[in-house]
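User: I would like to learn how to read a structural model feature by feature, with the general idea given before the particular case. Could we work through one together?

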Amino acid sequence: MASTRDGTTGTDSDGSSRSRDQTASATDDPIVEVRNVSVTYDLQSRDAMVLDDVSLDLRRGEILGCVGESGSGKSMLANAMMDAVEEPGITTGDVRYYSSKNADPVHVLDLSGDDLKQFRWEEVSMVFQGALSSFNPTMTIGGHFEETLKAHDYDVEEGMERARQLLSDLYLDPERVLNAYAHELSGGMSQRALIALSLILEPDVLLMDEPTAALDLLMQRSILSLLDDIKEKYELSILFITHDLPLVAGLADRLAILYAFELAEVGPSERIVRDSAHPYTRALLKAVPNLDAPLDTMKPIEGTAPNPAHVPNGCHYAPRCPLADERCHEEKPEWFDAGTDQRSACFHHERADEAVPFDVASVTAAVEEADTATDADDAFAAGGATGGDALAAPDDETVVSLDDVSIHFEEEQGLLDSLTGEPETVQAVDDVSIDIPENDVLALVGESGCGKTTLGKAIIGVQRPTEGTVTYRGQNVWDAKDRVGNPGIEFGDIRRALQIIHQDPGASLNPNQKVVTSLEAPLKRWDPDLSTEDRRARIYALLDRVGMQPPEDYANRFPHQLSGGEQQRVALVRALLMNPDVILADEAVSALDVSLRVETMDLLLELQEQFNTSFVFISHTLSNARYLAEKADGRIGIMYLGELVEVGPPDEVLNDPQHPYTKVLRWATANLDPSDQEMTEPPVRSIDIPDPVDPPTGCRFHTRCPEAREACVSEAPELGETESTPDERAVACHRANPNHHYWSSQPLDGVDAAESPGAGD
């Protein structure tokens, strides 16, 4: 029998299994070894287990992706590796750090005082999820670097030179960033500055806890590409924690899958995605919204993850597993060899593919075949069929119509700023015209600050436009609000018909009120004649309809007693109680685990069919937008710096994007297959989005566009149909018109020239 580094028993000679106390990834050159580490919290009733007997190696020079749903123990694992679990948490087990291959191990959980302080910054450093919460708002970014260098007795002048180099490597202007406060930087800039700060003392290990979760699609992928380069340049070993498996699959050398505080499976990224040997991993892959799989292959995971205070005996996944038997409910599975460098903690790992069928190659091929069929249909349609309009709806079907709507804000000023000059104006939305017909889905996609939410609020009559008009069934919304003329529809009726689901359902519910009290409030206001019994009956019926059973139980809970998915369902019920015509779903699934997103979007579609409601669905991810819009036969609208730049059916917009910005977003969307994910440099001339206070002239994307020419600087393209985008497509790009003088103008610096589509005819 083989022996591991710590002398304990390894794999049996027949390769069958290894005991539960063994690492899931034994190697000859680990930089960090985690052995039998558990973290518990002592509650009044019983201990709460938040990390359960985890053994894992982080190898020297690798990127290890740690994937799991919210509350699975990912962050606790990273904290335990630094002995940073806060009281009253209790960490047990052993964490060993090896500064070099043959060095004696440092037992991290035995460190204290200056030794622990030195270890946390100089050997192992951590990048947290929220950059703004990691920076002191009263200090400049440069002040943080200097403070860290001084605290560890480093040469400040030499260290600041390293800081400038690090910031430059992360595509930041060192002088601008070092002299700025955290709130003066965008989310992507502050996150990159935090990565640079974590590397200032030249650590060997970087622990990254959801470092891109709060960032836009393009910024996420850009940072991942930068990490690949930084790892090589600075000889780092990286643990990358995320809930998004496709996001990290192309970056990581190996993946470690956590479920309910214990490891389920570990192995090379390619094998985990292509040939997983654990039912949970396979179910998670099927549940993740993506652009590579047919919609009908995406299925939510049935059931819910266990509570830390009520962890089941045996395999933690057994209550949800289609393969579970009596042994699974009573015994913890040991590690089984499931392939080259792949191990699975499942008694039935050899049957996992039968129980949860998933083949990334076949689902990708199915999408490619569907795309080919769509292209053929499009070619036929172009020959004579006439489609609909991407922006306008038939008059008798139009619920809400926007005509040349612009929304500008004055930035808030501090006392000194108010004394020295005029407030600056943010051009949040500029000259947008679009109709929302009955029973429609319009998914708006774009980076943070592009105006998605502001436009959505204008659609539902919450945000007054600076210019232009918003009408509801022919009635000017703001004339009704101001009682101009003789409104045919009262503003109160309009507001009832146009509802919103907020991004954070927990924050939109009163924490001091039971669910039933929060849901009764709108009914009491708009239907005061309803009796208490009738109100409760309507509430219970809707709670039951969205799967919260028994409804009386959920109605009498407080928001903190609900999961994130359950809170989102309550917010949906509150909107539906008004029987609205349009619901603005503002990032309604982004706060949910990936395993819950498909389930929630399916629920939205079921309710749309039942209530004939239109959805304006805001998302920063194309995969979520594609799932909802394509299933509903709706539209995707791409927004950039306050403007709609492309609108059309999701299969056309995503598979044949006409605007360069749409192409960039498509590049930034992680493929389900890791082999198709190349960590290349972003196909933009600048990672950071311009300031909406002073947007670029002409086409607003020209400062970042890899195909921009002089014509783009001086002339703004109009959103509309062109020869290359007939019928249901609309695009705002000079390139969509083969006869535009764009093709004869000079490319901008750094842009390769390209011939006009008709140049060879």
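Analyst: What follows is a walk through sheets, a helix, single buried residues, a pocket and cavities in this model, which is predicted.

User: Let us begin with sheets. In what order do the strands of the open sheet that contains β15 stand, and which of them stand at the edges?

Analyst: Strands of a sheet pair through backbone hydrogen bonds, either parallel or antiparallel. Here four strands form an open sheet, and reading across it gives the order β15-β14-β17-β18, with antiparallel pairing. The edges are taken by β15 (425-437) and β18 (475-476), each of which has a single partner strand, so one side of each is left without a neighbour in the sheet. At the β18 edge, strand β17 (residues 467-472) is joined to β18 by two bridges, the two strands running antiparallel, and Tyr 472 stands opposite Gln 475 in β18.

User: What is the strand order in the open sheet that contains β3?

Analyst: That open sheet also has four strands, in the order β3-β2-β5-β6, and the pairing is antiparallel. Its edge strands are β3 (47-59) and β6 (106-107), each with a single partner strand, so one side of each lacks a neighbour in the sheet. Strand β5 (residues 89-97) pairs with β6 in the antiparallel sense over two bridges, and within this pair Arg 96 stands opposite His 107 in β6.

User: How many residues lie between β12 and β13 in their hairpin, and which residue in the turn has a positive phi?

Analyst: For a hairpin, one can look at the pairing and then at the turn. Strand β12 (residues 335-339) and strand β13 (residues 342-344) pair in the antiparallel sense over three bridges, with Gly 339 standing opposite Gln 342 in β13. Two residues lie between the strands of this hairpin, and Asp 341 in the turn has a positive phi of about 60 degrees.

User: Turning to helices, how many of the 10 residues of α25 are buried?

Analyst: An α-helix has 3.6 residues a turn, so residues three or four places apart point the same way. In helix α25 (residues 622-631), eight of the 10 residues are buried, so the helix is largely enclosed by the rest of the structure. The buried residues are Leu 622, Ser 623, Asn 624, Ala 625, Arg 626, Tyr 627, Leu 628 and Ala 629. After α25 comes Asp 633, whose phi is positive, near 55 degrees.

User: Is a single residue such as Arg 254 buried or exposed, and what does its side chain contact?

Analyst: The relative accessible area is the quantity to read, with values under 20% counted as buried. Arg 254, which lies in strand β10, is buried, with a relative accessible area of 2%. Its side chain makes a polar contact with the side chain of Glu 62, at 2.6 Å. Another case is Ser 614, found in strand β21 (residues 614-619), which is buried with a relative accessible area of 0%. The C-alpha atoms of Ser 614 and Asp 581 are separated by 6.1 Å, although the two residues are 33 residues apart along the chain.

User: Which elements supply the lining of the second largest pocket, and which gives the largest share?

Analyst: A pocket can be described by its volume and then by its lining. The second largest pocket has a volume of about 1200 Å³, and of the 43 residues that line it, the closest to its centre are Thr 304, Ser 563, Gly 564, Gly 565 and Leu 596. At least two lining residues come from each of β10 (254-259), α19 (505-508), α23 (564-576) and α24 (594-611), and the largest share, six residues, is that of α24. By class, the lining of this pocket divides into 18 nonpolar, 14 polar and 11 charged residues. Domain 1 (275-366) and domain 2 (398-410 + 423-512 + 558-744) each contribute at least three residues to the lining.

User: Finally, how many cavities of 30 Å³ or more does the structure hold, and which residues lie nearest the centre of the largest cavity?

Analyst: The structure holds seven cavities of 30 Å³ or more. The largest cavity holds about 90 Å³ of space, and among its 14 lining residues Cys 315, Cys 321, Cys 328, Cys 346 and Phe 347 lie nearest its centre. That lining has 12 nonpolar, two polar and no charged residues. The second largest cavity has a volume of about 80 Å³; of the 15 residues that line it, the closest to its centre are Pro 660, Cys 699, Cys 705, Cys 712 and Cys 733. The lining of the second largest cavity has 10 nonpolar, three polar and two charged residues.

Key: Residues numbered from 1 in each chain as written. Predicted model: local features only at pLDDT ≥ 70, side-chain atom pairs only at ≥ 80, totals over all residues. Heavy atoms only, no water. Buried < 20%, exposed > 50% of the residue type's maximum accessible area, 1.4 Å probe, protein only. 1 Å grid on protein atoms, 1.4 Å probe; cavity = no way out; pocket = protein on both sides within 12 Å on 5 of 7 lines; lining within 4 Å. Points joined across faces, edges and corners; volume = space filled by probe spheres on them. Nonpolar A, V, L, I, M, F, W, Y, C, P; charged D, E, K, R; others polar. Domains from an automatic or database assignment. Pairing = 2+ DSSP bridges. Polar contact = N/O pair within 3.5 Å; in protein donor to acceptor, adjacent residues only side chain to side chain.
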